[in-house]
Amino acid sequence: MGTLTPHLVTRDPAVAATWYGEVLGAIEEGRITLPGGRVLSVDLRFGDSRLAIGDEFPDLGIVSPLTLGGTYGALHLAVADAAAVWQNALEAGAEVFEPLHEAFWGDYTGQFIDPFGHRWAIDQHLRDVPPDEVARLAAEAFGEGPGCGYRSCSRER
């Protein structure tokens with residue numbers, strides 16, 4: 001494991017591990033299955049990053065976004081071809097949360113909810129934007145400066 005390794009809870013980690021591998025390019029590096037068949041952890045590698053996924057254990061208060069009715073955060077995945085990953089994800093059952101668009105910070109990005117209830121942002125870097133420009137555009141995008149609102153500042157591709 002790395003210094004920080006997120007651990008996601010899913011209703012079916014074996015299926016999720018396959019989905020993350022086929023759709024997002026994850027490589028499984030290890031798995032701990034308990035005697036009753038539930039999965040404690042599947043360790044996945046995404047490039048230089050790691051992610052663990054495991055089964056729900058409701059009796060211990062460990063539940064997935066599907067049980068909770070949503071998720072509060074998103075995982076950002078840097079990819080070489082956002083459009084291709086996006087299309088694969090949607091064809092494999094992901095639902096659009098925020099359409100692909102060219103963002104003010106220099107990425108081609110979009111967010112989807114995977115079939116297991118987790119939100120992912122797919123980010124393809126297009127250009128470097130100086131930090132002061134990102135700060136100015138962020139203020140405009142979130143209604144704290146002249147210009148526009150967040151969704152209307154982005155151009156659909």
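**Exercise 1. Are Trp19 and Phe112 buried or exposed?**

*Task:* Describe the setting of these two residues and the way their rings meet in this predicted model.

*Solution:*
- Step 1. Start with accessibility: Trp19 is buried, and Phe112 is buried too.
- Step 2. Next, look at the rings. Their centres are 6.3 Å apart and the planes of Trp19 and Phe112 meet at 65°, so this pair is edge-to-face. The cut-off for that label is over 60 degrees.
- Step 3. Now place the residues. Trp19 belongs to helix H1 and Phe112 to strand E7 (residues 107–113), so their pair ties together parts that lie 93 residues apart in sequence.
- Step 4. Finally, widen the view. The structure has eight aromatic pairs, and ring pairs join Trp19, Tyr20, Phe46, Trp86, Phe112, Phe116 and Trp120 into a cluster.

**Exercise 2. A pair of neighbours**

*Task:* Work out how the rings of Phe104 and Trp105 are arranged, and classify each residue by accessibility.

*Solution:*
- Step 1. Phe104 and Trp105 form an edge-to-face pair, with 4.9 Å from centre to centre and 85° between the planes.
- Step 2. Phe104 has a relative accessibility of 12%, so it counts as buried; the limit is under 20%.
- Step 3. Trp105 has a relative accessible area of 28%, and therefore it is partly exposed.

**Exercise 3. Reading the sheet**

*Task:* Find the strand order of the open four-stranded sheet, then see what packs on it.

*Solution:*
- Step 1. The order is E1-E4-E3-E2, and the pairing is mixed.
- Step 2. Strands E1 (7–10) and E2 (27–33) are the edges, each pairing on one side only.
- Step 3. On average, neighbouring strands are turned by 20° against each other, ignoring direction.
- Step 4. Helix H1 (residues 13–24) packs on this sheet and touches E1, E2, strand E3 (39–46) and E4. The direction of H1 makes about 5° with that of E3.
- Step 5. Zoom in on E1 and E4 (residues 49–55): they run parallel and are joined by four bridges. Val9, for example, has Gly54 in E4 as its bridge partner.

**Exercise 4. Following Leu66**

*Task:* Locate Leu66 and list its contacts beyond four places in sequence.

*Solution:*
- Step 1. Leu66 sits in helix H2 (residues 65–68).
- Step 2. Its relative accessibility is 39%, so Leu66 counts as partly exposed.
- Step 3. Beyond its neighbours within four places, Leu66 contacts Arg11, Pro115, Phe116 and Gly117.
- Step 4. Take Gly117: along the chain it is 51 residues from Leu66, yet their C-alpha atoms are separated by 5.3 Å.

Terms used. Residues numbered from 1 in each chain as written. Predicted model: local features only at pLDDT ≥ 70, side-chain atom pairs only at ≥ 80, totals over all residues. Heavy atoms only, no water. Pairing = 2+ DSSP bridges. Helix = DSSP H or I, 4+ residues; strand = E, 2+ residues; numbered from the N terminus. Axes fitted to C-alpha atoms, helices over the stretch in contact; angles between N-to-C directions. Contact = heavy atoms within 4.5 Å. Phe/Tyr/Trp six-rings, centres within 6.5 Å; stacked < 30°, edge-to-face > 60°. Buried < 20%, exposed > 50% of the residue type's maximum accessible area, 1.4 Å probe, protein only.
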